[in-house]
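Good morning, colleagues. I should like to take you through one model today, moving from its sheets to its helices and then to a few individual residues. Please keep the display in view as I speak.

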Amino acid sequence: MVKNVLVTGGSGNLGNCVCPYLKEQGYNVASFDVNPAKPDSPNGKARIPFVQGNLTSLGDCLRAVAFARPDVIVHLGAIPYNTEVQPPFAGEHTAAAEGARYSQGAPEHTTMEINTMGTFYIMDAARRLGVKKVVAASSYFVLGLGYRLSGTPFLPDYLPMDEEHPLWPEDTYSLSKVLNEETYRAFARAYGMQVTALRLLGVYYDYLEWSRNSYKFNVTVPPADEVNQGYLLSNVYQYADARDVAVFVKLAIEADNLSTFEAFYVATDTSYNEPTRVVAARRWPSLAEKAKNIPGTEGLISIKKAERMLGYKPAYSWRNTL
Ligand SMILES: NC(=O)c1ccc[n+]([C@@H]2O[C@H](COP(=O)([O-])OP(=O)(O)OC[C@H]3O[C@@H](n4cnc5c(N)ncnc54)[C@H](O)[C@@H]3O)[C@@H](O)[C@H]2O)c1
């Protein structure tokens, strides 16, 4: 029976949902983050024990693991966006607006350094102190969606995409998540660990006003000519509710049927109000043929593997709660 859990990135948006949830579920939870939890945050209110430190320091990672003595590390800590600066595109297609950064908010190597080396150090601390299980946040951006810097169309090999689909990352955030999955595979192989990577769709936080304002549900996806020439560049209109992600983390912690490394796409629902094949025909004509057999409102990215292997059943769809 797993008792102790260390959550990296515990002070972040997802950490503030996952830590209190796991505590409620009976685990001893500790958080490790470069930023302390605010007293009025969910973690602050739940009095989650906290270790301050940097993922890019092996010493800090060892200190956090030694403090928490975890049976499982839930690794959420990361820079959740890319930091390289891109020139504007003026070609036939347009780059995903949110992926093209025109000014430096942080040194350009920040995402690669923190995400890849931070993951290496926390895994290294884990294996040195005998931790055998890690549940880690990856992203659906590994596919090459999301920050699609080239601005070229994304043409999936098949739909719905699943964990077998090839990965074509472009930006440093997506690339760091692909490289991290290789790091997990290597540690799992070398040290007999079990690592589960959650390839999260865009996370919706019902407890954060900015998230409530920026996610739109029950939408009629606009006709293709209003947005681009009918190609998929970035937005798949699928999301993961943070409360479902917290439940998923628990399922992954408790699973005993997984091989040394497993990746899962994690989503709650699509946000549109028509069948996916209808949306695809109008919004992404280039995908219409491949999407025509997707049942109902199931997404372009399938969560069937998680349903089959972990019994995952998302409960917080807007279709049930709005
Ligand atoms: N939010 C989403 O839509 C989404 C989608 C897919 C994947 N993810 C992944 O989920 C995880 C959590 O995302 P989030 O939305 O909570 O992001 P967040 O930015 O709110 O939280 C990340 C946390 O990591 C901490 N952190 C950053 N650098 C650190 C360092 N060097 N050392 C220690 N801590 C450090 C930050 O202080 C922050 O508290 C990330 O791995 C992210 O890549 C998020």
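Let me begin with a question: how many bridges join β8 to strand β10, and do these strands run parallel or antiparallel? There are 2 bridges between β8 and β10 (residues 269–270), and the two strands run antiparallel. One position to look at in this pair is Gln238, which stands opposite Thr270 of β10. I should say at once that this is a predicted model.

On its other pairing, β8 is joined to strand β7 (residues 203–204) by 2 bridges, and here the strands run parallel. The bridge partner of Val203 in β8 is Ala240. Together these strands make an open sheet of 3 strands, ordered β7-β8-β10, with mixed pairing. Its edge strands are β7 and β10, each of which pairs on one side only. Helix α7 (residues 242–254) packs on this sheet, where it touches β7 and β8, and its direction makes about 65 degrees with that of β8.

In general terms, the side chains of a regular strand alternate between the two faces of the sheet. For strand β8 (residues 238–241), Gln238 and Ala240 point one way, while Tyr239 and Asp241 point the other way. Is this set of residues buried or exposed? All of them are buried.

I turn now to the other sheet. It is an open sheet of 7 strands in the order β3-β2-β1-β4-β5-β6-β9, and its pairing is parallel. Strands β3 (50–52) and β9 (261–266) stand at the edges; each has a single partner strand, so one side of each is left without a neighbour in the sheet. Direction ignored, neighbouring strands of this sheet are turned against each other by 20 degrees on average.

Within this sheet, strand β4 (residues 72–75) and strand β5 (residues 133–139) run parallel and are joined by 4 bridges. Val72 stands opposite Lys133 of β5. Which helix packs on the sheet and touches β1 (4–8), β2 (28–33), β3 and β4? That is α3 (residues 58–68), whose direction makes about 165 degrees with that of β2. Helix α4 (residues 110–128) lies across β1, β2, β4, β5 and β6 (194–200), and runs at about 175 degrees to β4.

A further helix deserves a remark. In α8 (residues 276–283), the buried residues are Thr276, Val279, Ala280 and Arg283. They cover an arc of only 100 degrees around the axis, which puts them on the same side of α8. Their cover includes α9 (288–291).

Two loop residues come next. Tyr205 is found in the loop between β7 and α6 (209–214). Why does Tyr205 count as buried? Its relative accessible area is 8%, and the cut-off for a buried residue is under 20%. Leaving aside neighbours within four places in sequence, Tyr205 is in contact with Asn13, Leu14, Trp210, Ser211, Arg212 and Ala242. As for a more remote position, Tyr205 and Arg319 are 114 residues apart in sequence and 16 Å apart in space, C-alpha to C-alpha.

The second residue is Ser234, in the loop between α6 and β8. Ser234 counts as buried, at 9% relative accessibility. Which backbone oxygen does the side chain of Ser234 reach? It is that of Gly146, at 3.4 Å.

Finally, the chain as a whole. It has 11 helices and 10 strands. Buried residues make up 54% of its 322 residues. Of the contacts with a separation of 6 or more, 76% are between residues 24 or more positions apart. Taken along the principal axes, the C-alpha atoms fill a box of roughly 55 × 40 × 40 Å. How does the radius of gyration agree with that of a compact globule? For 322 residues, such a globule would have a value near 20 Å; the chain has 19 Å, which agrees.

To close, I would leave you with the two sheets: one of 7 strands with parallel pairing, and one of 3 strands with mixed pairing. Thank you for your attention.

Methods
Residues are numbered from 1 along each chain as its sequence is written. This is a predicted model: local features need pLDDT of at least 70, side-chain atom pairs count only at pLDDT 80 or more; totals for chains, interfaces and linings use all residues. Side-chain values use heavy atoms; hydrogens and water are left out. Two strands pair if DSSP finds at least two bridges between them. Axes are lines fitted to C-alpha atoms, for helices over the stretch in contact, and angles run from 0 to 180 degrees between N-to-C directions. Contact means heavy atoms within 4.5 Å. Buried means under 20% relative accessible area, exposed over 50%, partly exposed in between (1.4 Å probe, protein chains only). A polar contact is a pair of N or O atoms within 3.5 Å; within protein, one must be able to donate a hydrogen and the other to accept it, and residues adjacent in sequence count only if both atoms are side-chain atoms. The arc is that of the directions from the helix axis to the C-beta atoms. The radius of gyration is taken over C-alpha atoms; the globule rule is 2.2 Å times the number of residues to the power 0.38.
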